Every structure is written in structure tokens, then in C-alpha cells.
Amino acid sequence: MPPTRREFLNCTSNAVIIATLSPDILAATTTTEPTMTTPVPSAFTAVHESKPLPFDPSELDGLSEKLIRSHWENNYGGSVKALNTIKQRLAGALADPDLPAYVYNDLKREHLMRTGSVVLHELYFDNLGATDKPDAILRQALLGAFGSMDSWEKEFRRMGAGLGGGSGWVVLGYNLHTGLLENYWLWDHLHSPAATLPLLVMDMYEHSYQMDYGAAAPAYVDAFFRNIKWQVVAARWEKAHKSRAILA
Ligand SMILES: [Fe+2]
């Protein structure tokens, strides 16, 4: 049966990418000429697609639909497009023997930053959209780690307020290496705590609140807290806890 138009275009696109890869990569991935079924190395493939918002943006409390849609489309969506572009550029750059390594690493820096932006934004939107409360198991974990729920929330909020007017993320994370549940300050998309699974993610870049709150970052933090989907946070905690048990 002849290939469909989509199959043909996919095949053609893959062949173009493969043709630009270095001999080392080609050797590692295939020993034959590219065919309709030759896999393209995922490290050099534009595989990222924007995830739809997991909630109705008109129904959040204190975060406008205009703000959320702009954030999702321009900031998150922009990073998805940029990440795909960078990954395709990496393939071509690696095949160029005259490209200085430090120039190549400029692309890898952008790759790291855009990956951080895409992943953190998806985690952020996924933990918004509800008005529930932490379940008993998560509450107990926070109590054990911080002494009280108030202590945990006080620190998380204070870190958010401290990032007002600037950029960064506040993350409640479970460190798989230390086994500790802690709040972490992320300077930007590039920096995340080592070996840590994010449980609750709060975007503190100005684009997350300026449209609704101007420079009043604490008011945005209040609104963020009114919309946390705690069932998602609890599910992440359960998975993180199980992961450490497997890794130990
Ligand atoms: Fe953002």
C-alpha cells in the first residue's frame, strides 16, 4: 500500500533531520540507510506540543481569563515553540565540524532554559483549577516536615513575595536524595534543586500576575492559594514517595 501524504511528509522530514546528524549519532541509531521506519533520535527531534489548559480559565478565583490565556499562549506556548526550534538547530550544529564548542553550548544553554520553562509551566497549570484542600496524608507529611501547615504556607508565601518584581519559581519539592520535603527557590528556568520532584509549583515571573495585579505580587500569591488543585499535589506526593522507596 503506498504511503499516505502524512506518512510521506513525516518520512521526508525525518530523513532531512537524519541527514544533518553527525556520523556518530547515525552510527548509534541506525546501521542502514534511512527508511520509512528509521527512528529519529529523540534528542534532536521536535517532539513537544503545547498541553491544553487543564481547567476552564474563566472559572479561576482572582486570576482573569485574559491573564491565564495570555500566560498559556505567549509565555508557555512561546517556550514550546522555542524548544522545538532549538532541538532542530542542535542537529545541524552538531554536524558542523567548524562550529566552536562554546557556540554549540549557547544552544545547549537555551535548550536547558526552554526545557525548564516548558516543564515548570505544565506543572504550574496542572496544579491550578480547584478550591479543594490537602488530603490527610499530604497534610501529615507537611506537618512532619514543617511543624505545622501554617509554617509551610508562611515560608512558601514569603518566598513568593520575595520574588515580586523579578522572576523565578517557588516549588514545594520532595528531594529523592535527602528524603526531605522542602520549599525551594528557583532563580529562573535554568535552576532546579538536584534530584527533586516538584509537588506544588508557583510561577513568580511578572507575566503571571502583572496584568491583574500590577506590582502587587502578594495579592497574586493570595489568588494562587485560592486556586490550588490539591488533589494533583497529593498525587504527585504519593508518586514521589513511592519513587524514593524504589530507588532506595
Ligand atoms: Fe510563566
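Visitor: Which residues does Met202 touch, not counting residues up to four places away in sequence?
Guide: In this predicted model, Met202 belongs to strand E3, where Val170 stands opposite Met202. Residues up to four places away in sequence are left out of the list. The residues that Met202 touches are then Tyr124, Gly160, Trp169, Val170 and Phe224.

Visitor: Which elements make up the chain, and in what order do they run from the N terminus?
Guide: The secondary structure of the chain comes to nine helices and three strands. The three strands follow one another, with helices before and after them. From the N terminus on, the order is α-α-α-α-α-α-β-β-β-α-α-α.

Visitor: Which strands stand at the edges of the sheet?
Guide: The three strands form an open sheet with antiparallel pairing, in the order E2-E1-E3. Two of these strands have a single partner strand each, so one side of each is left without a neighbour in the sheet. The strands at the edges are E2 (181-186) and E3.

Visitor: How many bridges join strand E1 to E3?
Guide: Strands of a sheet pair through backbone hydrogen bonds, either parallel or antiparallel. Strand E1 (residues 169-175) and E3 run antiparallel. One of the pairings sets Asn175 with its bridge partner Thr196 in E3. The number of bridges that join E1 to E3 is seven.

Visitor: Which helix packs on the sheet, touching E1 and E3, and what angle does its direction make with that of E3?
Guide: Strand E3 (residues 196-203) is mostly covered, as seven of its eight residues are buried. Helix H4 (residues 101-126) packs on the sheet and touches both E1 and E3. The direction of H4 makes an angle with that of E3 of about 70°.

Visitor: Which residues have the most contacts inside the largest nonpolar core?
Guide: In soluble globular proteins, nonpolar side chains tend to be buried together. The largest nonpolar core of this chain has 37 residues. Strand E1 gives the most to this core, with five residues. The residues with the most contacts inside the core are Trp169, Val170, Met202 and Trp237.

Visitor: Is Arg158 buried or exposed, or does it fall in between?
Guide: Arg158 lies in helix H6 (residues 149-162). A residue counts as buried with 20 or more other C-beta atoms within 10 Å, and as exposed with 12 or fewer. Because Arg158 has 13 such atoms within 10 Å, Arg158 is partly exposed.

Definitions and conventions. Residues are numbered from 1 along each chain as its sequence is written. This is a predicted model: local features need pLDDT of at least 70, side-chain atom pairs count only at pLDDT 80 or more; totals for chains, interfaces and linings use all residues. Helices (H or I, at least four residues) and strands (E, at least two) are DSSP runs, numbered from the N terminus. Two strands pair if DSSP finds at least two bridges between them. A nonpolar core is a set of buried Ala, Val, Leu, Ile, Met, Phe, Trp, Tyr and Cys residues joined through C-beta atoms within 7 Å. Two residues are in contact if their C-beta atoms, placed from the backbone, lie within 7 Å. Axes are lines fitted to C-alpha atoms, for helices over the stretch in contact, and angles run from 0 to 180 degrees between N-to-C directions.
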